[in-house]
Amino acid sequence: MEHKPTAASLDKIISLCKRKGFVFQTAEIYGGLNGVYDFGHLGYLLRENIKKAWKNSIENDLGEIYTLEGSLLGVHKMWQASGHIDNFNDPMVDCKNCKKRFRADDGSVDLNKSCPDCGIKNWTEVRSFNLMFKTEVGAVSDGTNHAYLRPETAQTIFINFKNMMTTNRAKLPFGVAQIGKSFRNEITPKQFLFRLREFEQMELEWFCKEETSMDMFQFWLEHRRKFYQSIGLNMDKIRFHAHSKEELAHYSVCCTDIEYEFPFGFKELEGIAHRGTFDLSQHTQFSGKDLQVFEEATKSSWTPVVVETSVGVDRLFLTVLFDAYYEDEMDGETRVVLKLHPSIAPIKFAVFPLVKKLEEPAYALFKTLKKINPNIQFDVTGSIGKRYRRQDEIGTPACITYDFESEQDHAVTIRDRDTGKQERIAIDKIIPYLQSKNIL
Ligand code: ATP
């Protein structure tokens, strides 16, 4: 796919998402809730396609992948073991004058200067703020029944390591994948879907032997690069950022972020980390339950090493929109087009009658094709040009027009979203044609 400089800005993406029903501010009619969004029909379909692409992409020749759907609520001790109770904090500072709250370490404020909101310099001390949402389980509120909404999906994988290994009769190396919601009480949610309080993660925990772990880490770096290529991202906008010693979490052996160049700079899209034996050792220590593997050949027990890959569905959703958004000219008109890779496009194709008079046979064709893929649309309203524009804006790769000749030649015109080129295709060849273009 050809990549020209994109015209996307955050405002344009937000406006498109709202206009076309990809994303709505949650509880908008009640004033909204910061950092939390609802996804409309097209947003839901795009998310589903992203998740499907991710799930397919982690299949590999080295070992099996098993899937887990862990609970969202987790007990206190588990988050103590993982280090989240003590360390999952961000530094925050408040403006005493306007009461606005900021994260003190992400460049949003300079404490030597005045508040960017009210222009007065009157800061509180910098305090530590734990990002987990805490709640109580059951009717008694005596402080002994605390639970937390998970801030990452990974820990439910670690605590189920033994369950997953034994019930699946898994052999190392193997992976446990999870797609699910996570919650972080971010001090300043911002940049639309980039930093949310409720979001979804796609995480893979890869369990392997210590001796092979560095090779495995390298393997996953390359494997993940290929994924971004496969969903059509402009690879010039992707870079790998290897953490320096100072940046590394204390338990991490090495870690590389895959970053994307957003209009607000290069930012983390995915993290790939060699976590050593930290997680399984911690849960063994705190639970008192053995999470080691026993090797028959050497009659020895040892703790597997974990290589993790972790990416947010919402952050990738925002990335693919930025990457696909173009404003160009076609047929003498300016249009907005989402040049989404066909595999993730929410609507695969649309069917139009050239004029209202042809609605009946065109609709019959639509109903037949809908049995092959339900994610297609029928549109009879407005000029053909208008109908093309509507589909371009939501990233539909192809539009099929049923015209006056169709009755005689049993063929339709199929128009390509990116080039505007039209081809005459026999009705009984529509499916193989779309398959040849990777649309179906
Ligand atoms: P950041 O430095 O951006 O806060 P992080 O290093 O805390 O991210 P991880 O804990 O490694 O992020 O989470 C893995 C992935 O989950 C991130 O790469 C990102 O894609 C996604 N993610 C993390 N926090 C959020 C959030 N608040 N909103 C949306 N996605 C998120």
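Which helix gives the most to the lining of the second largest pocket? In this predicted model, that element is helix α2, residues 41-57, which contributes four residues. The second largest pocket holds about 290 Å³ of space. Its lining consists of 13 residues, and those nearest the centre are N49, K52, A53, S343 and K348. By class, this lining divides into four nonpolar, seven polar and two charged residues.

The chain as a whole contains 13 helices and 24 strands. Its C-alpha atoms fill a box of roughly 75 × 70 × 50 Å along the principal axes. Of the 440 residues, 50% are buried. Among contacts with a separation of 6 or more, 66% join residues that are 24 or more positions apart.

The largest pocket encloses about 1,600 Å³ of space. A total of 48 residues line this pocket, with F88, R184, R195, H243 and E268 nearest its centre. Several elements each supply at least two lining residues: the helices α4 (84-87) and α9 (313-324), together with the strands β5 (89-94), β11 (198-208), β13 (254-262), β14 (265-276) and β17 (305-312). Strand β14 provides the largest share, seven residues. The lining of the largest pocket is made up of 19 charged, 15 nonpolar and 14 polar residues.

Two helices were examined in detail. In helix α7, which covers residues 213-230, the 18 residues should span 26 Å at 1.5 Å a residue, and the end C-alpha atoms are 25 Å apart, in agreement with that value. The buried residues of α7 are S213, M216, F217, W220, L221, H223, R224, F227 and Y228. One of these, R224, has a relative accessibility of 0% and therefore counts as buried. Leaving aside residues up to four places away in sequence, R224 touches W54, S57, I58, I258, E270, I272, T309 and V311. Just after α7, G232 adopts a positive phi of about 80°.

Helix α10 comprises twelve residues, 359-370, with an expected span of 16 Å at 1.5 Å a residue; the distance between its end C-alpha atoms is also 16 Å, which agrees. Buried positions in α10 are A362, L365, F366 and L369. Viewed down the axis of α10, these buried residues fall within an arc of 105°, so they line one face of the helix. An α-helix has 3.6 residues a turn, and residues three or four places apart therefore point the same way. The elements covering the buried residues of α10 include the strands β20 (349-353), β21 (376-378), β22 (398-402) and β23 (411-416), as well as helix α13 (430-436).

Several loop residues have backbone angles that merit a record. The peptide bond from L172 to P173 is cis, with omega near -5°. P173 is located in the loop between α6 (161-167) and β10 (174-183). K99, although not a glycine, has a positive phi of about 70°. K99 lies in the loop between β5 and β6 (101-103), and with a relative accessible area of 64% it is exposed. F192, also a residue other than glycine, has a positive phi, near 60°. The position of F192 is in the loop between β10 and β11. At 9% relative accessibility, F192 counts as buried, because the cut-off for burial is under 20%.

A further loop residue, G35, is placed between β1 (23-25) and β2 (37-39). Its relative accessibility is 4%, so G35 counts as buried. G35 and E198 are separated by 163 residues in sequence, yet their C-alpha atoms are 7.0 Å apart in space. Beyond residues up to four places away in sequence, G35 touches P189, L196, R197 and E198.

Conventions: Residues are numbered from 1 along each chain as its sequence is written. This is a predicted model: local features need pLDDT of at least 70, side-chain atom pairs count only at pLDDT 80 or more; totals for chains, interfaces and linings use all residues. Side-chain values use heavy atoms; hydrogens and water are left out. Buried means under 20% relative accessible area, exposed over 50%, partly exposed in between (1.4 Å probe, protein chains only). Contact means heavy atoms within 4.5 Å. The expected span of a helix is 1.5 Å times one less than its number of residues. The arc is that of the directions from the helix axis to the C-beta atoms. On a 1 Å grid over the protein atoms alone, a cavity is a set of points where a 1.4 Å probe fits but cannot get out, and a pocket is an open set with protein on both sides within 12 Å along at least five of seven lines; lining residues have an atom within 4 Å of a point. Grid points are joined across faces, edges and corners, and a volume is the space filled by probe spheres set on the points. Ala, Val, Leu, Ile, Met, Phe, Trp, Tyr, Cys and Pro count as nonpolar, Asp, Glu, Lys and Arg as charged, and the others, Gly among them, as polar.
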